[in-house]
Amino acid sequence: MKLPDGIDISDLAYVTSRKLANENGEKTGTVFMWRTKGEEEFNYKLKCPYCEEEQESSVVFKKRPYRVRCSNCGKSILIEKLSK
Ligand SMILES: [Zn+2]
């Protein structure tokens, strides 16, 4: 797994990389998400499975299930089994 520049894995409380399926079950998207120790915010790089737009943002999750919203097509994307 490749980390963004300037990020050291020993500083991370959480990191995940997974493929995302669109409504047809095709895995056209990806998400890479990480959280630094001591921070509430999750950072992510997303390739939307629906419109395939790439974007980078951050989010604070209040409750499960965790979802992010595509800034291009507006669809809500479920991040499954976010644990640790
Ligand atoms: Zn989209």
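Here a trainee and a mentor talk through a predicted model with a zinc ion and several strands.

Trainee: Which residues coordinate the zinc ion?
Mentor: Good place to start! The coordinating atom is SG in each case, at 2.3 Å from the zinc ion. Along the chain, the donors follow the spacing C-x2-C-x18-C-x2-C. The residues are Cys48, Cys51, Cys70 and Cys73.

Trainee: What arrangement do the 4 donor atoms make around the zinc ion?
Mentor: Look at the angles they subtend, which run from 106 to 118°. Four donors count as tetrahedral if all angles lie between 85 and 135 degrees. The angles here fit that range, so the arrangement is tetrahedral.

Trainee: How many residues apart are Cys48 and Cys70?
Mentor: Find the loops first: Cys48 lies in the one between S3 and strand S4 (54-59). Cys70 sits in the loop between S5 and S6. The pair links distant parts of the chain, and the separation is 22 residues.

Trainee: Is Cys70 buried or exposed?
Mentor: The cut-off helps here, because buried means under 20% relative accessible area. Cys48 has a value of 0%, so Cys48 is buried. Cys70 has 3% relative accessibility, so Cys70 also counts as buried.

Trainee: How many residues of strand S2 are buried?
Mentor: Strand S2 spans residues 29-36 and is mostly covered. Out of its 8 residues, the buried ones number 6.

Trainee: Over how many bridges do S2 and strand S3 pair?
Mentor: Let's take the neighbours of S2 in turn. Strand S1 (residues 12-20) pairs with S2 in the antiparallel sense over 8 bridges, and Leu20 has Gly29 as its bridge partner in S2. Strand S3 (residues 42-47) is also antiparallel to S2, with Trp34 opposite Asn43. For S2 and S3, the number of bridges is 5.

Trainee: Which residue in the turn between S2 and S3 has a positive phi?
Mentor: These two strands form a hairpin, with 5 residues between them. In its turn, a positive phi of about 85° belongs to Gly38.

Trainee: Which residues make up the covered face of strand S5?
Mentor: S5 covers residues 66-69, and its uncovered face holds Arg67 and Arg69. The covered face is made of Tyr66 and Val68.

Trainee: Which residue in S6 stands opposite Arg67?
Mentor: S5 pairs with strand S6 (residues 76-79) in the antiparallel sense, over 4 bridges. Their hairpin has 6 residues between the strands, and Gly74 takes a positive phi near 80°. Across from Arg67, in S6, stands Leu78.

Conventions: Residues are numbered from 1 along each chain as its sequence is written. This is a predicted model: local features need pLDDT of at least 70, side-chain atom pairs count only at pLDDT 80 or more; totals for chains, interfaces and linings use all residues. Side-chain values use heavy atoms; hydrogens and water are left out. Buried means under 20% relative accessible area, exposed over 50%, partly exposed in between (1.4 Å probe, protein chains only). Two strands pair if DSSP finds at least two bridges between them. Donors are N, O and S atoms within 2.8 Å of the metal (3.2 Å for Na, K and Ca); water is not among the atoms, so sites may look incomplete. Four donors count as tetrahedral if all angles lie between 85 and 135 degrees; four count as square planar and six as octahedral if opposite donors are over 155 degrees apart and all others between 65 and 115; anything else is irregular.
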